[in-house]
Number of protein chains: 2
Amino acid sequence: MTESAQPPAEATAHVAPGFPVVGVVGGGQLARMMQQPAIALGIGLRVLATSMQDSAAQAVRDVRIGSHEDLDALRAFAAGCDVVTFDHEHVPTAYLEVLEAEGVAVRPGSKALVHAQDKIVMREALTAAGVPCPLWAEVSSSAEVATFAETAGWPVVLKTSRGGYDGRGVWVLAGLEAAHDLMASTTLADGARWLAEERVDFVQELSAQVARSPHGQAVAYPVVRTVQTDGICTEVVAPAPGLTDDEVVAAQHAALTVAGALDVVGMLAVEMFETRDGRVLVNELAMRPHNSGHWSIDGAVTSQFENHLRAVLDLPLGDPSATAPHAVMVNVLGGDKGDMYHAYLHCMARDPGLKVHMYGKDVRPGRKLGHVTVVGDDLHDLLSRAHHAADYLTGTIDE
Amino acid sequence: MTESAQPPAEATAHVAPGFPVVGVVGGGQLARMMQQPAIALGIGLRVLATSMQDSAAQAVRDVRIGSHEDLDALRAFAAGCDVVTFDHEHVPTAYLEVLEAEGVAVRPGSKALVHAQDKIVMREALTAAGVPCPLWAEVSSSAEVATFAETAGWPVVLKTSRGGYDGRGVWVLAGLEAAHDLMASTTLADGARWLAEERVDFVQELSAQVARSPHGQAVAYPVVRTVQTDGICTEVVAPAPGLTDDEVVAAQHAALTVAGALDVVGMLAVEMFETRDGRVLVNELAMRPHNSGHWSIDGAVTSQFENHLRAVLDLPLGDPSATAPHAVMVNVLGGDKGDMYHAYLHCMARDPGLKVHMYGKDVRPGRKLGHVTVVGDDLHDLLSRAHHAADYLTGTIDE
């Protein structure tokens, strides 16, 4: 560990007698947004960040600087935390196992988290649990991709089993030649393998989120529609429009089944495809608060961030119900406007019901810098308001 | 200023380009609860606290240690803040004037804030503005109290014009002898005078809150009913039950008039009495977020804490509307239970819709340690749930 991982004594979390400290590995916006319910619940939040400028490091007092790929930094970070949880899935599984063996309460645990880290391990477990998935196969050559395509058809979706996120590590291949070229020119990361999947002809993409506690309590959030642009989630509508009751139950049931089968603790997001014939197939898993649940801060009785804290602390879970008929969340991605603060004047004056959430990040094109949420009765109006605000903040429009 | 008022460089607020830093003088729960919307808005919050264990000092990164009665500490604190605002009214007026003369954006300004600091200055200004008040007079002897009682009747409410809060500095006097004994045995603080007021025979106590910006925009929150116990606000119901439309308009109009007449910037709480003949009379003012508005965190589109930040930054104000028919807030006061965290298990399991807000304070009998809020359709049910949770947290009941 680096010397700077030792903070001054006054920087350590202070809480009232009996209240716990939760350590969050990673200093991104998910850790940042955990601080809001941590303040309400009187819980101390400690963040392992790579710099004091990290999104979450700006928002908490107890910041430790270190790498999630440094076992000693992880050990020093965990000392004094009642529970350790995550802002991302990138801590090496072997290090989590060491921390657990040394008595650290890691939640979700390494045995669960590996399913969010390795997509082949995830596919194997979901298939064993009877959870509907697209056709899939582990492949090691373009010839095996072609064999898979004999059943699944072209195009084939090829993924690295580890290390991808926000659209990275995912390719859509038209045929054998494309598979050959990609696999010949790509070096897999340590421990990663190739996963071939059927390209699903979906009606819409869904996300079903559940929170689950160590003692097994679980609650299911409304199933939402997500829109991905270039692999990044850009819009969420809660609840997902047009789903039949059977589809909602199937999606929630699948998410609860995954949470139980994999012994997930904390928030679980199950990203799904709704197919043209009314089935829901699992696409990806995330075992932490997820972009598809940001609407819950302003639109649910208990936000995903509060329920994540309650779950990892084995507290009874809060009501995940929506507080309004519809909620719309739109991500604010970096554009050409370097200073977004002055755009507040226009956005807030135009829409007093707009809820703005910025992450304290410097602007880079395409980077997730924040999100906006609106809730209400008229979905068409909400979509228009949320997109206008996000577009104005980024500079895509100027009126 | 003390040496410890100079924080390490890494403790200073970091914000994205163009985003402001708001300095809050005072490290209590009001500053703590400003941090939640500050995180959402991407605003840096700096807190002037008396110790790193202060309620707000636990929740923000940029903590400065110093006294609000130390001009040099205030100057050092203000340097680098875009705006300075307050958790309490106790900064000496003269120091605020010095800061303003030196170019600090103090909001609310000293000319407004003095009305929340000195009750005689407040009564003079409100009377001049035509805002209904109880009968009042400045008095300097028990004989003058008796003269006042010839018109107002006994009992008389006697207050120190400065320095009182949460029931301190307020006495109800049955007659001349009690006035004599009290005034003979009480030394007034520097600058404080005696204020005699009519004891109002009220139906209920109300609070009307407004937010107001430097450029004059103002929004009015629903008028709420407050219940005081031993001078401390213990229960708030939003909106106040049983008010006629005329009474609501009168209360909101009075609050907006006060805000405009006194040039208030930020949140203003106007505590009022509803009389048996349907009038509303102003009791006290607070120019900051106020206990009577804590319900707005969970029950309004824009909380009082967010609108306070938006107002002092001269941003357009957020919608103050309630999101449900009723909200009930009950304070959690210190009792005989030293560790409140373990009470979470029972409270949260019993009521998944309960919103808990703890302030990170050590338990002392009667101290405000937190509050709980519930929102919904059935006021009777909400009152029962909120009081049960608060009583269980404090240890007054054990099931």
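This report describes how two chains meet in a predicted model and how some of their helices and sheets are arranged.

**Two copies and their axis**

Start with the symmetry. Two copies of a chain are related by a rotation about an axis and a shift along it. Here, a turn of 180 degrees and a shift of 0.0 Å along the axis lay chain A on chain B. The RMSD of that fit is 0.0 Å. This is the relation of a two-fold axis. Which residue of chain A has its C-alpha nearest the axis? R61(A) does, at 2.0 Å from the axis.

**The contact between the chains**

Chain A gives 47 residues to the contact, and chain B gives 46 residues. Three elements of chain A each supply two or more residues to the side that touches chain B: α1 (29–41), α11 (343–350) and β16 (355–358). The largest share, 6 residues, comes from α1(A). By class, this side of chain A holds 26 nonpolar, 14 polar and 7 charged residues.

Why can we say that the copies meet through the same surface? Of the interface residues of chain A, 98% are also interface residues in chain B, so the copies use the same surface to meet.

**Domains of chain A**

Chain A is divided into domain 1 (3–106), domain 2 (135–198) and domain 3 (202–394). The C-alpha centres of domain 1 and domain 2 of chain A are 35 Å apart.

**A parallel sheet in chain A**

An open sheet of 4 strands runs in the order β3-β2-β1-β4 in chain A, with parallel pairing. Its edge strands are β3 (62–65) and β4 (83–86) of chain A, and each of them pairs on one side only. On average, neighbouring strands here are turned by 25 degrees against each other, direction ignored. Strand β1 (residues 21–25) of chain A pairs with β4(A) over 4 bridges. In that pairing, V24(A) has T85(A) as its bridge partner in β4(A). Helix α1(A) packs on this sheet and touches β1 and β2 (44–49) of chain A. The direction of α1(A) makes about 170 degrees with that of β2(A).

**An antiparallel sheet in chain B**

Now turn to chain B. An open sheet of 4 strands has the order β5-β8-β6-β7, and its pairing is antiparallel. At the edges stand β5 (136–139) and β7 (170–173) of chain B. Each has a single partner strand, so one side of each has no neighbour in the sheet. Strand β5(B) pairs with β8 (residues 194–198) of chain B over 4 bridges. A137(B) has A196(B) as its bridge partner in β8(B).

Two helices contact these strands, as the table shows.

| Helix of chain B | Strands of chain B touched | Angle |
|---|---|---|
| α5 (119–128) | β5, β6 (156–160), β8 | about 50 degrees to β8(B) |
| α6 (142–152) | β5, β6, β7, β8 | about 135 degrees with β6(B) |

**Two helices that cross in chain B**

Helix α1 (residues 29–41) and helix α10 (residues 304–312) of chain B pack at an angle of about 65 degrees. Their axes lie 8 Å apart. The crossing of α1(B) and α10(B) is right-handed. Which residues meet? From α1(B) come M33(B), M34(B), Q36(B), P37(B), A38(B) and L41(B). They meet F305(B), E306(B), H308(B) and L309(B) of α10(B). This contact has 7 nonpolar, 2 polar and 1 charged residues.

Technical notes: Residues are numbered from 1 along each chain as its sequence is written. Chains are lettered from A and ligands numbered from 1 in the order in which they are written. This is a predicted model: local features need pLDDT of at least 70, side-chain atom pairs count only at pLDDT 80 or more; totals for chains, interfaces and linings use all residues. Two residues are in contact if their C-beta atoms, placed from the backbone, lie within 7 Å. Ala, Val, Leu, Ile, Met, Phe, Trp, Tyr, Cys and Pro count as nonpolar, Asp, Glu, Lys and Arg as charged, and the others, Gly among them, as polar. Domain bounds come from an automatic or database domain assignment. Copies are superposed by least squares on the C-alpha atoms of residues with pLDDT of at least 70 in both. Axes are lines fitted to C-alpha atoms, for helices over the stretch in contact, and angles run from 0 to 180 degrees between N-to-C directions. A crossing is left-handed if the near helix is turned anticlockwise from the far one by less than a right angle, and right-handed if clockwise. Two strands pair if DSSP finds at least two bridges between them.
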